[in-house]
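Biologist: Please show me the model. I would like to ask how its labels are earned.
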Amino acid sequence: MKYQRTVLITICVVLALTLTGLIGAAVWVDRTLDKVDRVDPTEYTLSQEDASAMTEEPEQEEHTGPTVQPEDIAPVVTTPTVSQPQNTVNILLVGQDRREGEGRQRSDAMILCTFNEATDRFTMTSFLRDTYVYIPGYGHQKLNAAYAYGGFRLLNETLAVNFGIHIDGNVEVDFSGFTGIIDLLGGVDIELSQAEVDYMIANGNFEYSDGTDWDLKPGVNHLTGDQALAYARIRKLDSDFGRTGRQRKVLLALIGQIRGQKLSTLLELLDQMLPLVTTNMTNGQMIDYATRFLPMLGGDIRSRYIPAAGTYTEEYVSGVGACLIPDLEKNRQILQED
C-alpha cells in the first residue's frame, strides 16, 4: 500500500510539473505573439479623390506606342464562386512600398502561400503588381493599388472578386521590416548574375545605401538586408516577372536560413522579429497554422506567378500606365490546381 501511494504521489507531482510547464510555455508564446503589430479591424479606406491622386500615372514621355482608354480595355469581371481546394490554407504575404514616416502605400510584393495538407505541398504564387483588375468601390486599376486604397480587407476582396480565391490570413512587412528580419537572420545567400551585380552597385537601395561600397560578384553572394531589398526590387533590368522571381528567391533563402537554426536561437530571433511584422491573424490562428504547416517548409516548394504565361496581354492604359490585362477565367482555373 505504501509503495502504491508513493507511485501515485510521484505521478501526481510529474503531472503537476508538466501542466505547470505547459501553462508557462503557453503564456510565453502568447506574450511573444502579442509583440506582432495588429492591423486595425476597421482599417481606413481612401476617398475616391485621394485614391486617384495616389495612383494616377502621368503619360510617360518615353512611351510612344499605342495607348488605350480604360473603358475599352477593362477585363470582364463576373462574380466567381470564391472557393479553395479542400484541406488548404492561403496566407498572403504583402511587401509594402513604404518608407519611414509614410502612411500606407502600394503593395510592392504580393505572394500567396498555399499550404495543402492533403498533398503535403507548399506553393508560392506571386501576383504581379501591374495586373489590371477591378477594385471594388474604385473601378479598374493596377492590383498593387488595392492595398493602398483599403489595406488587407480591400486587397483580399479584390483577389476574391477577380480570381475567386479566399485569403485566410495576411502578413505584411515594409522596407525597414524586411531588411531588419534578414539582418536578424544573419543575411541570405543569393546567386547573382553579372547584370544584377552591375545594377545593384550602380543603383544601390535608393536612399538607404548607394551600392558603391558593396563587394558583390557574379555567383553566390551573402547579402545583407539592404542588399537583399535592393535585389528584390530590381525591375528595370528585365520586368516585373523577373522581380517577382527574385522576391521568391529571397523568401526561399530566408526559409533556408530558418531551417538551419537551433530551436533556442529561433526563439530568440522570433522575439526580435515579430515587432517588425503586421498581421490580421489572432495568436490562436498563428499557433495553429505554425503547428500544422511549418513542417511543410522542409519539403519541395512550388513556385509560380499570376497572371500565368499565355493568359494575359500587355497594354498601355491611359492614366494608369503599362498593364497586364489578364484572362481571369484561365487564371482562376490555375489557382484551383492546388
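Modeller: Start with a definition: buried means under 20% relative accessible area, exposed means over 50%, and partly exposed lies in between, with a 1.4 Å probe and protein chains only. This is a predicted model, where local features need pLDDT of at least 70, side-chain atom pairs count only at pLDDT 80 or more, and totals for chains, interfaces and linings use all residues. Residues are numbered from 1 along each chain as its sequence is written, and side-chain values use heavy atoms, leaving out hydrogens and water.

Biologist: Why does Tyr305 count as partly exposed?

Modeller: Its relative accessibility is 25%, so Tyr305 counts as partly exposed. Phe241 has 21%, so Phe241 counts as partly exposed too.

Biologist: What makes a pair of rings aromatic partners?

Modeller: Rings of Phe, Tyr and Trp (its six-membered ring) pair if their centres lie within 6.5 Å; planes under 30 degrees apart are stacked, over 60 edge-to-face, the rest tilted. The structure holds 8 such pairs. In one of them, the centres of Phe241 and Tyr305 are 4.9 Å apart and the planes stand at 75 degrees, so the pair is edge-to-face. Phe241 lies in helix α8 and Tyr305 in strand β11 (residues 301-306), so the pair ties together parts 64 residues apart in sequence. Helices (H or I, at least four residues) and strands (E, at least two) are DSSP runs, numbered from the N terminus.

Biologist: How do you know that the span of helix α8 is close to the expected one?

Modeller: The expected span is 1.5 Å times one less than the number of residues. Helix α8 (residues 240-259) has 20 residues, with 28 Å expected and 29 Å reached from first C-alpha to last. Its buried residues include Val250, Leu251 and Leu254.

Biologist: Why is Gly225 called buried or exposed?

Modeller: Gly225 has 0% relative accessibility, so Gly225 counts as buried. Gly225 lies in helix α7 (residues 225-232). Beyond neighbours within four places in sequence, Gly225 is in contact (heavy atoms within 4.5 Å) with Phe178, Thr179, Ile182 and Asp183. Asp183 is 42 residues away in sequence, yet 5.2 Å away C-alpha to C-alpha.

Biologist: What makes β12 and β13 a pair?

Modeller: Two strands pair if DSSP finds at least two bridges between them. Strands β12 (residues 312-317) and β13 (residues 321-326) have 6, and run antiparallel. Thr313 has Ile325 as its bridge partner. The hairpin has 3 residues between the strands, and Gly319 in the turn has a positive phi of about 80 degrees.
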